[in-house]
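Work through the exercises below with the sequence and coordinates open. Each task is followed by a solution in steps.

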Amino acid sequence: MKPVVLIVEDDQLMSDSLIKVLSGEGLNPLAAGTGGEAKKILESTVIHLILLDINLPDMDGLDLLKVVEETEPDIPVLVMTAYTDVTVAVNAMKKGATDYIQKPFELDELKVIVHKALENSRLKSELTTLKRSRKTEHTEIIGKSQKVKDLKKLISVVAETPRTPVLVVGESGTGKELVAAAIHQASDRKNFPLVKINVSAIPENLLESEFFGYKRGAFTDAKESKKGLFELANNGTLFLDEVGEMQHSLQPKLLRFLETQTFNPIGGIKEIKVDVRVIAATNQDLSQLVSEGRFRDDLYYRLKVMVIEVPSLRERREDISELIDLFLAMVNKELRKNVKSVSKEAKTILMNYKWPGNIRELKNVIERAVIISQSDTLNVENLPMELIKGEQVPQKGNFKKISEMEQDYIKKVLSFTTGNKSEAAKILGISRSTLFEKIKRYNLN
Ligand SMILES: Nc1ncnc2c1ncn2[C@@H]1O[C@H](COP(=O)(O)OP(=O)(O)OP(=O)(O)O)[C@@H](O)[C@H]1O
Ligand SMILES: [Mg+2]
């Protein structure tokens, strides 16, 4: 089956020539001249890639992008912008576009980014399937940096205390859940349950009964009593992930539990006493939530007594190498591959990247790279674009111009190939002539 590409473009001439090029590439192009038409096609047809012009007659292309991200987040979207529209391209990337191409573009360039986007999305779905079928989780905290040594020490100190609540904070993907598991394992509670719940994953109206359970007859549907998580975790540990998302009305009940180890099931008159250590985690700034009135200060102060900060990966780059080895070994085993090493250039990139998604991101990058690698060494080509480009999705308030990002990217790649332009063009995914043109334009010689 040919991949279906939806072209959303009001300029008929442009649209026709795109159809011609993409058909020639073995793809199945469909065209929509307006945002409305595009929406109709999306509702009725399976689409593998969208090529989106930002200037549409009936709506803003960015709004259409938003609709796609909400309804079909797996479809990659390539945005076409005018050369002058730098901010538009940046905005589009922030809103979830896969990549952008600036008009006027060379057809070669277009072909390359279309194929790359399709290939990436194919890999992604392959990966999801693989992950669903096999799952190995790692439970040891890896790293020799001072930060990790301190972290481990703190974990063992905390584990000694019988029921002090712990607040684990850190950016997404730093290993907060792993820290919670480590505390549980190192404590006297290790032979009892470690119960995990993600506060943001449960609808607000169900959370209280999940937590505390209910008694028969508490409400119409309560034909039997149900035990809550606090009771199920008795003698063990309860891990409350994303505690910052907890609804206001439930917070005093959690506080009461932390202070007395007792609670009332919904509809229950008798209070229940258990022995549970609560470990809460968040990647939000709770003090900020307190000042916004979204998190109760008394609960915050209770949780703040014992805080464990999990360092971001860029604060402990010296651990990256060991983590790479760990993930290589894990992924090789999982996927029955045999990728033995990482090339020097690829390693430099991995060591220098900012890792906004921290260890989880590193793990995903290695996994993806192993899948696409054709040899027993991971190369620069096996790494995703955003790593090579550096920080592709700009951080708040501090955008680099796209042309600057592109310059940096080209410079980096050229230095990896020690100036070899054919090689660099291959890595960059553009033709040699395009590369020469860009080198001239940016004065990179
Ligand atoms: N020090 C480490 N050594 C080995 N693997 C780790 C380490 N830290 C984290 N991991 C792995 O990284 C992944 C992310 O960790 P985890 O789920 O604990 O992050 P998190 O901080 O809870 O992230 P989020 O805030 O997004 O929920 C997991 O697969 C975990 O096994
Ligand atoms: Mg987590």
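**Exercise 1. Domains**

Task: State which domains the chain is assigned, and how far apart the centres of domain 1 and domain 2 are.

Solution. Step 1: the model is a predicted one. Its domain assignment lists domain 1 (4-133), domain 2 (146-309) and domain 3 (317-442). Step 2: taken over C-alpha atoms, the centres of domain 1 and domain 2 are separated by 43 Å.

**Exercise 2. The sheet that contains E1**

Task: Give the strand order of the open sheet that contains E1, then name its edge strands and one bridge pair.

Solution. Step 1: the order is E2-E1-E3-E4-E5, an open sheet of 5 strands with parallel pairing. Step 2: strand E2 (28-32) and strand E5 (99-103) are the edges, since each of them pairs on one side only. Step 3: with direction ignored, neighbouring strands of this sheet are turned by 20° against each other on average. Step 4: strand E1 (residues 4-8) runs parallel to strand E3 (residues 49-53), and 4 bridges join them. Within that pairing, Leu6 has Ile50 in E3 as its bridge partner.

As background, strands of a sheet pair through backbone hydrogen bonds, in either a parallel or an antiparallel way.

**Exercise 3. The sheet that contains E7**

Task: Do the corresponding analysis for the open sheet that contains E7, and find the bridge partner of Asn198.

Solution. Step 1: this open sheet has 5 strands in the order E7-E10-E13-E6-E14, with parallel pairing. Step 2: its edges are strand E7 (194-198) and strand E14 (307-309), each pairing on one side only. Step 3: from one strand to the next, the twist averages 20°. Step 4: E7 and strand E10 (residues 237-241) run parallel and are joined by 5 bridges. The partner of Asn198 in E10 is Asp241.

**Exercise 4. Two backbone details in loops**

Task: Locate the cis peptide bond between Lys103 and Pro104, and find the sign of phi at Asn235.

Solution. Step 1: the bond joining Lys103 and Pro104 is cis, with omega about -5°. Pro104 lies in the loop between E5 and helix H5 (107-133). Step 2: Asn235 is not a glycine, yet its phi is positive, about 70°. Asn235 belongs to the loop between helix H9 (229-232) and E10.

**Exercise 5. The surroundings of ligand 1**

Task: Describe the shell around ligand 1 by residue count, polar contacts, burial, contributing elements, residue classes and domains.

Solution. Step 1: ligand 1 is surrounded by 21 residues, and the closest are Ser172, Gly173, Lys176, Arg360 and Lys363.

Step 2: list polar contacts.
- An N or O atom in the side chain of Arg360 is 2.8 Å from an oxygen atom of ligand 1.
- A polar backbone atom of Thr174 is 3.3 Å from an oxygen atom of ligand 1.
- A polar backbone atom of Glu140 is 3.5 Å from a nitrogen atom of ligand 1.

Step 3: ligand 1 taken alone exposes 630 Å², and the protein buries 90% of that.

Step 4: helix H7 (176-186), helix H13 (320-335) and helix H15 (358-372) are the elements that give two or more residues to the shell.

Step 5: by class, the shell residues divide into 7 nonpolar, 6 polar and 8 charged.

Step 6: domain 2 (146-309) and domain 3 (317-442) each supply at least three residues to the shell.

Note on methods. Residues numbered from 1 in each chain as written. Chains lettered and ligands numbered in written order. Predicted model: local features only at pLDDT ≥ 70, side-chain atom pairs only at ≥ 80, totals over all residues. Heavy atoms only, no water. Near = heavy atom within 4 Å. Polar contact = N/O pair within 3.5 Å; in protein donor to acceptor, adjacent residues only side chain to side chain. Areas by Shrake-Rupley, 256 points an atom, 1.4 Å probe, with all protein chains shown as cover. Nonpolar A, V, L, I, M, F, W, Y, C, P; charged D, E, K, R; others polar. Domains from an automatic or database assignment. Pairing = 2+ DSSP bridges. Axes fitted to C-alpha atoms, helices over the stretch in contact; angles between N-to-C directions.
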